[in-house]
Amino acid sequence: MKCGGFRVSYRSDEQIFDTYTPRVVLVVFLGLLFTIPMFASTYELDVLNRIGIAIIGALGLNILIGYTGQISIGHAAFLAVGAYTTAVLEAKIGLPFYLAIPAAALLTAAFGLLFGLPSLRLKGLYLAIATLAAHFITSYVIIHWERMTNGVLGLLVPPATVPVLGLPLDSDARIFYLIFALVIPATFVAKNLVRTKVGRAFIAIRDRDVAAEVIGVSLFKYKLLAFLISSFYAGVAGGLMAYHSRILFPDAFSLLVAIDYLAMVIIGGMGSILGSIFGAIFMTVLPEVLKLTATSLTGVYPQAFGFIASTRDVIFGLAIILFLMFEPQGLARIWLRVRSYWKLWPYSY
Amino acid sequence: MNEHLVFMLQLLITGVAVGGVYALMALGFVLIYKASNVVNFGPGELVLFGAYVSWATILQMRFPLYVAFPLTLLTSIALGLIIERGVLRPLIGQPIISVIMVTFGFASVIRGGLNMLWGSDTRPFPALFSSQPFHLGPVPVSPVHLWSFVIVLLLLGGFSLFFKFSLTGTAMRATADNQQVALSLGVSVKRMFALSWCIATVVSTLGGIILGNVRGGVDFSLADLGLKVFPVVILGGLDSVMGAIVGGVLIGVLENLSGGYLDPIFGGGVKEVAPFAVLVVILLFRPYGLFGKPEIERV
């Protein structure tokens, strides 16, 4: 049993996992993850796919809010740009997914830079309001640029097709592989990004921007970089959304979606990669649990469905409030506590 | 008088009437921000709450107006107290993102709670004023608009007097100006926080009642209207009561004019987005607005 950290080389100090067990567990977990489509139902796969997409989006937002401290209420707009660009590239130009998603992500990143420009002059609250305005302007353009986006009628997206094999990823089981093949590198890159020079610069800006500038962190460069990376992630998530739902409506990118993503970051844990994953799972599974409860209760109380459906807002709001009051560092912190409790159990002293 | 002018005047009058309601919402927002540095991202839900409670007391429970009205106001005061005591006071000193998120949180709770209680159907609103238009010169004006504007003017005037002359109003201004000095002069800053929330919820409730009358019904789209408060307060200046009033009317007029003239060109919906376009421009050039204190920290 491990009872402390005794590191004798930089190499061992830099490791993410310092013992073999978590590495083996991780590999086994990932291996098992890819066998899921063989036995899970379509419904379960749908939920898992949405969790995967949410993880990528939440990672991006967490880099921006949790690590760099720049508040953005415009994440839904980033997702929308990614999703619609992918859809237009696939449906109208016929680019394959492995070109469409990167292209969309790059365009979203450029769009994110534009969003980020006000952050050079505005802080905190003002930045939040600026991103709110940008959200409304983006969603206006998406609704009214009908030649490109089909407006409220919805834009159909053909399924992604695997090259060489010509296999269309048209079912939840097939798109699952594409989504999780992107979730893993996204998590890996984010985890490592925040440990590098760039990540430390982000954290310095979050903690005190003036001090960061004084010690030589270029605010101009790193704030824009944070927006760039965050919106790149959102672009990837949006692109996957396009291929997963196969039809895009402007409604899917409302302000409520932006708030959902903010809630993922808050509930999961600001400034924690693991937290983004927990938050994404929590926020995706919570409505499903409520829905299932409602469906199972409709047999007993026929009116229960509408009632329980509207409890979603209440429970969601309460979750945010209670987490902020009692566990501001979110699920990631709870996980850490539980883990360290069991590590030394039963001799925790 | 030619048709164009009448059209414009009509847009102006509607704009001023709607802008009055925005001014009310913005007043609530600015009060809270000034007193406690809290940014309320759920102003729309407060309006929604007021509109639904007054609908419920008047039409569902069928109380006479002189009972229903005070009851609605009392409920909204209670709501203000609950929010301030239960949600925001524990978060004093937390980073701004937490405060923003918690306002989203209770907004969501209010929306869901109303939905659970009364469902999401559109509710007819008791018509307190006739909607039969009369002619002011050549321009048709509906009494609802006129009355709403008169009521808003009276309210804003009343609040201005309250802040200027009453002891509590002076204490509130003192708190907004400098909390420590106010504390040392014997002002209970906590009470002022609570009071500013109560005033904000009451003002929003009145705004909700007026909006319900103007639109002839309440539904959940009222909550979306609440976000218009941001262009208003940024234009007027985040910490200026005067700015809230002027900004409200300006934004109301602006969105109606842009809706009236630009909708045919851009194919509808300009009304919803024009205030936010203006917001971005103001943020870029004059982030403290027309009357706000220029306190932006540059880095």
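Trainee: Which residues does Ser119(A) touch, not counting residues up to four places away in sequence?

Mentor: Start with sequence distance. Contacts with close neighbours in sequence say little here, and they are left out. In this predicted model, Ser119(A) touches Gln70(A), Leu127(A), Lys223(A) and Phe227(A).

Trainee: Where is Ser119(A) found?

Mentor: Look for the elements on either side. Ser119(A) is in the loop between helix 6 (97-116) and helix 7 of chain A.

Trainee: Why does Ser119(A) count as buried?

Mentor: Count C-beta atoms around the residue. The threshold for buried is 20 or more within 10 Å. Ser119(A) counts as buried because it has 23 C-beta neighbours inside 10 Å.

Trainee: How many residues apart along the chain are Ser119(A) and Leu262(A), and what separates their C-alpha atoms?

Mentor: Keep the two kinds of distance apart. Along the chain, Ser119(A) and Leu262(A) are 143 residues apart. In space, 18 Å separates their C-alpha atoms.

Trainee: Now backbone angles. Which sign does phi take in Asn150(A)?

Mentor: Check the residue type along with the sign. Asn150(A) has a positive phi, near 65°, and is a residue other than glycine. Asn150(A) sits in the loop between helix 8 (146-149) and strand 1 (155-156) of chain A. With 20 other C-beta atoms within 10 Å, Asn150(A) is buried.

Trainee: What is phi for Arg246(A), and where is that residue found?

Mentor: Take the angle, then the place. Phi of Arg246(A) is positive, about 65°, although Arg246(A) is not a glycine. The loop holding Arg246(A) runs between helix 12 (219-245) and strand 4 (247-248) of chain A. Arg246(A) counts as partly exposed, with 16 C-beta neighbours inside 10 Å.

Trainee: How should I read chain A as a whole?

Mentor: Take secondary structure, then dimensions, then burial. Chain A has 16 helices and four strands. Its radius of gyration is 21 Å, which agrees with the value near 20 Å for a compact globule of 349 residues. The C-alpha atoms fill a box of roughly 60 × 55 × 50 Å along the principal axes. Buried residues make up 44% of chain A. Now the contacts between residues at least 6 apart in sequence: 75% of them join residues at least 24 apart.

Trainee: What does the secondary structure of chain B come to?

Mentor: Run through the list again. Chain B has twelve helices and four strands. Its radius of gyration is 19 Å, close to the 19 Å that the globule rule gives for 299 residues, so chain B is as compact as a globular protein of that length. The C-alpha trace of chain B spans about 60 × 50 × 35 Å along its principal axes. Of its residues, 50% count as buried. Residues 24 or more positions apart account for 74% of the contacts with a separation of 6 or more.

Trainee: How many residues does each chain bring to the contact between A and B?

Mentor: Count each side, then ask which elements supply it. Chain B gives 37 residues and chain A gives 40 residues. On the chain B side, helix 4 (96-118), helix 10 (229-236) and helix 12 (270-285) each supply at least two residues. Helix 4 of chain B has the largest share, 16 residues. That side of chain B divides into 25 nonpolar, eight polar and four charged residues.

Trainee: Which residues touch the most other members of the largest nonpolar core?

Mentor: Find the best-connected members, then the main contributor. The core has 195 residues, and those with the most contacts to other members are Ile266(A), Ile320(A), Ala23(B), Ala26(B), Leu27(B), Val30(B) and Val233(B). Helix 1 (residues 3-36) of chain B gives the most to this core, 17 residues.

Trainee: Why is helix 10 of chain B called largely enclosed?

Mentor: Compare the buried count with the helix length. Eight of the eight residues of helix 10 of chain B are buried, so the rest of the structure largely encloses it. Its buried residues pack against helix 7 (124-144) of chain A, together with helix 1, helix 2 (43-60), helix 11 (241-266) and helix 12 of chain B. Val233(B) is one of the buried residues. Beyond its neighbours within four places in sequence, Val233(B) contacts Ala26(B), Phe29(B), Val30(B), Leu238(B), Ala244(B) and Gly247(B). Just after the helix, Gly237(B) takes a positive phi of about 110°.

Trainee: What scores does the model carry?

Mentor: Read confidence before detail. Where pLDDT is low, the predicted coordinates should not be read in detail. The mean pLDDT of chain B is 84, and 97% of its residues reach 70 or more. The model scores ipTM 0.87 and pTM 0.90.

Note on methods. Residues are numbered from 1 along each chain as its sequence is written. Chains are lettered from A and ligands numbered from 1 in the order in which they are written. This is a predicted model: local features need pLDDT of at least 70, side-chain atom pairs count only at pLDDT 80 or more; totals for chains, interfaces and linings use all residues. The radius of gyration is taken over C-alpha atoms; the globule rule is 2.2 Å times the number of residues to the power 0.38. A residue is buried if 20 or more other C-beta atoms lie within 10 Å of its own, exposed if 12 or fewer, and partly exposed in between; C-beta atoms are placed from the backbone. Two residues are in contact if their C-beta atoms, placed from the backbone, lie within 7 Å. Ala, Val, Leu, Ile, Met, Phe, Trp, Tyr, Cys and Pro count as nonpolar, Asp, Glu, Lys and Arg as charged, and the others, Gly among them, as polar. A nonpolar core is a set of buried Ala, Val, Leu, Ile, Met, Phe, Trp, Tyr and Cys residues joined through C-beta atoms within 7 Å. pLDDT is the predictor's confidence in each residue, from 0 to 100.
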